[in-house]
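Please look through the sequence and the model shown below before reading on. The paragraphs that follow begin with a single helix and work outward to the contact between two chains.

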Amino acid sequence: MDAALNLLSFGPEGWGDDIASGVLVTVGLALATLPFGLVLGFFVAVMKQAQEPSMRLAGNIYTTIFRGLPELLTLFLIFYGAQLGLQQITAFIGTETTIEINAFAAGMVALGIMFSSYASEVFLAAFRVIPRGQYEGAYAVGLSHNRTMRLVVLPQLIRIALPGLGNLWLILLKDTALVSVIGLSDILRQTGVAARVTKEPFLFFGLACLLYLVLAILSSFVFSAIERWAEKSGGTR
Amino acid sequence: MSVVAATDTVERPAPPRRRWTGTRIAGTILVTLWALAIAGLALYLVQSWNPELFDRYAGRYWSGLIVTLQLVFLSIILGAILSIPIAWGRMTKRRIPNALAYAYVYFFRGTPLIAQTFLIYYGLGSFRPQLETVGLWSFFRDAWNCALFAFTLNTAAYQAEILRGAVESVGRGQWEGAASLGLSRLQTLRLVIAPQALIVALRPYGNEIILMIKGSAIVAIITVYDLMGETRRAYSRSFDFQTYLYAALIYLAIVETLRNIIEWVEKRVTRHLKR
């Protein structure tokens with residue numbers, strides 16, 4: 001027991017500080033992906049509920065592709081694909097270099113795309129809940145289409161979509177673990193290194209699972225706080 | 001007679017002409033971009049078509065696909081069996097089974113599948129002497145078995161929640177009605193609740209299968225040569241990006257086929273609810 005605690009300590013023999021930095025990277029990646037994924041997901045949802053068929057088609061192709069591919073494969077496609085693409089561009093310009101894509105950036109793009117394709121479904125379901133009368137009322141008082149969206153529809157939409165988005169956030173948090181495969185020093189990679197060096201795999205991978213669990217519990221607290229706040233600002237109806 | 005014929009052919013006003021609004025232009029541009037991207041990929045695949053590469057790896061992709069499907073199929077079946085006691089635990093009022101089932105589901109749904117797989121494949125190595133005395137070491141030494149074990153435990157947690165949600169979606173009146181007809185609890189479950197609950201559960205079950213197929217790609221990291229594993233191996237040997245593109249096409253085809261099958265089945269089994 002003492003030996004295990006020593007291994008987890010923050011001192012020079014312990015792995016505590018390395019793993020703590022891994023936690024920061026995991027949380028940082030998830031938080032950095034979130035706004036990007038939310039905005040993209042919202043626009044895809046707007047496309048999918050447009051009256052214009054070509055717009056709907058474009059949105060549907062997006063979600064079909066990115067919800068059908070395994071998360072790991074999407075990550076590899078973006079990581080290696082971007083690397084190869086950039087290399088070809090630089091070769092075209094005339095400089096032969098090997099380009100290394102930053103794992104954090106590749107992870108952010110891949111996770112953001114996956115997040116947005118699921119978020120678009122959540123937003124779309126929320127759009128369908130908002131009755132037509134809300135739009136008609138807003139037009140009747142003379143709001144433009146954009147202002148109707150921003151002032152009338154969006155506030156209700158966010159409140160309706162919150163529970164679904166909470167689930168997606170938990171999925172995002174878990175999917176960040178995949179980015180360790182392309183070399184990002186997140187929780188899973190740091191604990192993996194520790195496990196290999198100390199030959200204590202069960203201790204360290206168990207710790208990794210517990211850390212993800214703690215993050216999930218913390219985010220569920222934050223989410224219930226946000227939901228309470230949204231409920232309050234919803235007023236009486 | 002002629003009067004009737006005249007009213008038959010009412011002249012309808014021509015449908016309003018679709019004008020080139022901003023959204024229509026933007027939508028057309030986006031669809032064109034998609035079409036160009038897909039055509040570009042197809043062109044790339046055709047252009048870099050390499051019979052030698054195909055000969056060398058087509059068989060391996062096929063065997064990888066079989067491994068993926070076997071893994072998913074077996075873990076879904078075993079997980080379904082395991083999920084029944086867990087779902088019971090989640091619904092029972094007894095303190096201890098309820099707490100255990102809650103903890104189980106929370107753990108497996110709250111942590112990444114890849115971390116669980118590592119915990120089982122690498123982590124159980126810490127208990128090698130103990131496992132050897134029980135005679136289970138030969139099972140857990142193999143990466144495929146570990147993957148199957150991890151996936152079964154994981155999907156059991158998700159399936160237990162699906163099952164619970166479906167059973168709880170059937171109203172209490174159904175239980176009471178069955179009880180008043182003198183059916184036992186098990187009979188009620190089998191004859192009254194299950195047929196109604198399974199309709200509710202169909203879509204989530206389908207989604208779970210799709211999620212497992214996609215999630216199963218991570219076994220490539222613990223050296224199981226499933227479709228993803230074969231792809232990684234082919235890429236590391238040939239450095240040819242099309243290896244990944246073919247894998248993407250195969251995964252996409254599987255997922256789309258499954259999704260359509262589920263939709264078709266759902267339409268069939270909810271025929272009596274349509275008006």
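In this predicted model, helix H4 of chain B is a convenient place to begin: H4(B) is built from 16 residues and spans 22 Å between its first and last C-alpha atoms, close to the 22 Å expected at 1.5 Å a residue. Buried positions in H4(B) are Ala101(B), Val105(B), Phe108(B) and Gly110(B). The cover over these buried residues comes from both chains, since it includes helix H9 (201-233) of chain A as well as helix H3 (51-91), H5 and H8 of chain B.

That cover leads to the interface, where 36 residues of chain B are in contact with 36 residues of chain A. On the side of chain B that touches chain A, two or more residues are given by each of helix H2 (22-47), helix H4 (95-110), helix H5 (113-121) and helix H12 (242-269) of chain B, and the largest share, 8 residues, belongs to H2(B). By character, the residues on this side of chain B are 24 nonpolar, 9 polar and 3 charged.

One residue of chain B shows the contact between the chains in detail. Apart from neighbours within four places in sequence, Ala115(B) is in contact with Ala177(A), Leu188(A), Phe205(A), Ala208(A), Cys209(A) and Tyr212(A). Ala115(B) also belongs to the largest nonpolar core, which holds 108 residues and in which Leu72(A), Leu73(A), Leu75(A), Ala208(A) and Ala115(B) touch the most other members. Helix H8 (residues 143-169) of chain B supplies the largest share of this core, with 14 residues.

Seen as a whole, chain B is divided into domain 1 (19-49) and domain 2 (53-273), and the centres of these two domains, taken over C-alpha atoms, are separated by 36 Å. An unreviewed UniProt entry places the annotation "domain: ABC transmembrane type-1" on residues 65-262 of chain B; in the model this span is 82% helix and 0% strand, with its end C-alpha atoms 21 Å apart.

The UniProt annotation "transmembrane region", likewise from an unreviewed entry, covers residues 25-46, 66-88, 100-124 and 209-228 of chain B. Two of these annotated stretches can be set side by side in the model: residues 66-88 of chain B are 100% helix and 0% strand, with end C-alpha atoms 33 Å apart, while residues 209-228 of chain B are 45% helix and 0% strand, with end C-alpha atoms 17 Å apart.

Conventions
Residues numbered from 1 in each chain as written. Chains lettered and ligands numbered in written order. Predicted model: local features only at pLDDT ≥ 70, side-chain atom pairs only at ≥ 80, totals over all residues. Core = buried A, V, L, I, M, F, W, Y, C linked by C-beta atoms within 7 Å. Buried ≥ 20, exposed ≤ 12 C-beta atoms within 10 Å, placed from the backbone. Helix = DSSP H or I, 4+ residues; strand = E, 2+ residues; numbered from the N terminus. Contact = placed C-beta atoms within 7 Å. Nonpolar A, V, L, I, M, F, W, Y, C, P; charged D, E, K, R; others polar. Domains from an automatic or database assignment. UniProt positions renumbered as here; feature names shortened; annotations may be inferred. Expected span 1.5 Å × (residues − 1).
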